[in-house]
Amino acid sequence: MMYFHWDILSWIMGSILGLVWLSRLVDAALGMPKVADISRPEWGRKPATPSGNPRVSIIVPARNEEEHVGPTLTQLLALDYDNYEVIAVDDRSTDRTGEVMDRIASAPDARNRLKVIHVAELPSGWLGKVHAMWIAANQAAGDWLLFTDADVLFRPDVLTRALAYAEAESADHLVLFPRMIMKSPGERMMIGFFQTLFVFGHRPWKVADPKTKDHMGVGAFNLIRRRAYDAVGSYRALRFEVLDDMKLGKIVKNAGYAQRNVYGADLISLRWAKGAMGVVNNLTKNFFAIMSFRWWRLLLSAFALAFLNLTPFLGIWFAQGWERVPYLVALASIFAIYVGMSWESDIPAYYFVLHPVGTTLFIYIMLRSMTLTLARGGVMWRGTFYSLEELRKGMV
C-alpha cells in the first residue's frame, strides 16, 4: 500500500515538473527570438539624426567605486554619439571615488561633457543610490536619460545603436541586457542558475506587449525618455525602493508607456561578482526585498525553488521504470535552456550538471537574506542602514 501511494505521488510530482519545465522551454524558445539584438549590422548605422539628434544625459551614481568608476567614465566619454552629457554622482564615498571623478572631469576633452556632483549627506526617506540618480536627473538637460552603474564597460557605438532602435520602435523605455564577465567556475555556475531562474520567472519577450504586466529594468542600462520619466513621478516615486531598476520598469509599464528590452552582445559588459560567494553576498542584501520583506512569501518561494529545481534530479534516481519519464522531460527541458544560454553567454551547456548546487546556494541566499534582515531590523547597504519599517513603507 505504501508503495502504491508513493507510485501515484511520484507520477503526480513528475508530471507537474515535466509540464512546467517543458511549457517554459517552449514559451522561451518561441519568445526569445522576438527580443531584438541591437549588435546586429542593421542597427550599426548612425541614425539620420533621430528625432532631431536628441540630447542624452548619462547618469552614473557611485559610492566607493574608485576601482571601477575611472574606466567606466573614460569609456562613456569616448562614445561615438555626438549629443550627450555625462553626470557622475559621488554619493558620500569614503574612498577616492570623488577624486577619480574630478580628475577625469578636469581633462580638456571632458570639461564640456562630464559634470560631477558630490553628495555629502543623505536626506531622510531616501535610499542613497536612488537619491543620487534623482539629484542628477534634476540637473540633466537631455531628452533621454540613461541610468547606468559605475562598473559597466561600454562599447563606443552602444548609444548610437540603442537610440536608433528606440526611435525606430517609438519606445519610451529601453533596457539593454549586459554581457556578464565571468572568470571562475563558481561565477558561471551561479550566474547560469540565475539566468535560468530569470527565464523561468520573467518573460522578456512579453515586455513589449501592452496587454501584459511583464516589465523590465536593468541597473546597467535603463534608457528612458525624459517626458516619460517625469510623468511616472521620477525617482522620487521610488525613493525608498531597493529594487529601483526593476521597479522603474514596473511604473513605466503600468503607466502605459512603450517598453522594450534588447540584447547587445558586448555593447555593455560588467563583472557582477567575484566567485560564487561574491554572487551570494551581492544577492543577500536585496533578495528579501524581492519577496516584499514577507517571511512567509520567502519560505514558500524557497520551497517552490527546491521542488522545481532539485526534484527532477532526485526523481530520476528514485523513481522506478516509466515513472522516470516525466522527470527526464523536466531535466531535458532544463538542459535545453542551458544550451540556449550557452549561445548567448560564456556559460557552457555542461554547467547543467551544477544546477542542483546553484539551487542549493540560492536557497541559502534567500534564507540568509531573510534572517539577516529580520535580525538587524533592516538592511545595511553600502555603509548605510535602512530600517525594515521604512523599506516596507517605501515599496512600490
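How many bridges join strand 1 to strand 4, and in which sense do the two run? Four bridges join strand 1 (residues 56–62) to strand 4 (residues 144–147), and the strands run parallel. This is a predicted model, in which local features need pLDDT of at least 70 and side-chain atom pairs count only at pLDDT 80 or more, while totals for chains, interfaces and linings use all residues. Residues are numbered from 1 along each chain as its sequence is written, and side-chain values use heavy atoms, with hydrogens and water left out. Helices (H or I, at least four residues) and strands (E, at least two) are DSSP runs numbered from the N terminus, and two strands pair if DSSP finds at least two bridges between them.

**The seven-stranded sheet**

- Strands 1 and 4 belong to an open sheet of seven strands, ordered 3-2-1-4-8-6-9 with mixed pairing.
- Strand 3 (114–119) and strand 9 (259–262) each have a single partner strand, so these edge strands are left with one side lacking a neighbour in the sheet.
- From one strand to the next, the twist averages 20 degrees, with axes taken as lines fitted to C-alpha atoms (for helices over the stretch in contact) and angles running from 0 to 180 degrees between N-to-C directions.
- For a handy landmark, look at Ser57, whose bridge partner in strand 4 is Leu145.

**The three-stranded sheet and a hairpin**

- Three strands make another open sheet, in the order 5-10-7, again with mixed pairing.
- Its edges are strand 5 (153–154) and strand 7 (179–180); each has a single partner strand, so one side of each has no neighbour in the sheet.
- Strand 5 pairs with strand 10 (residues 268–270) in the antiparallel sense over two bridges, and Phe154 has Ile268 of strand 10 as its bridge partner.
- Leu270 also lies in strand 10, and its 8% relative accessibility makes it count as buried (under 20% relative accessible area; exposed is over 50% and partly exposed in between, with a 1.4 Å probe and protein chains only).
- Strand 11 (residues 378–381) and strand 12 (residues 384–387) run antiparallel, joined by four bridges, with Met380 opposite Phe385.
- These two strands form a hairpin with two residues between them, and Arg382 in the turn has a positive phi of about 50 degrees.

**Aromatic contacts**

- The whole structure holds 16 aromatic pairs, meaning rings of Phe, Tyr and Trp (its six-membered ring) with centres within 6.5 Å; planes under 30 degrees apart are stacked, over 60 edge-to-face and the rest tilted.
- Among them is the tilted pair of Phe193 and Phe362, at 4.8 Å centre to centre and 45 degrees between the planes.
- Phe193 sits in helix 6 (residues 185–201) and Phe362 in helix 12 (residues 355–376), so the pair ties together parts 169 residues apart in sequence.
- Both of these residues are buried, and they join Phe194, Trp272 and Phe287 in one aromatic cluster.

**Helix packing**

- Helix 9 (residues 275–290) and helix 12 have axes that come within 8 Å and cross at roughly 55 degrees.
- That angle makes helix 9 oblique to helix 12 (under 35 degrees is roughly parallel, over 145 roughly antiparallel, 65 to 115 roughly perpendicular and the rest oblique).
- The axes of helix 2 (residues 69–76) and helix 3 (residues 97–105) come within 9 Å and cross at roughly 25 degrees, and these helices are therefore roughly parallel to each other.
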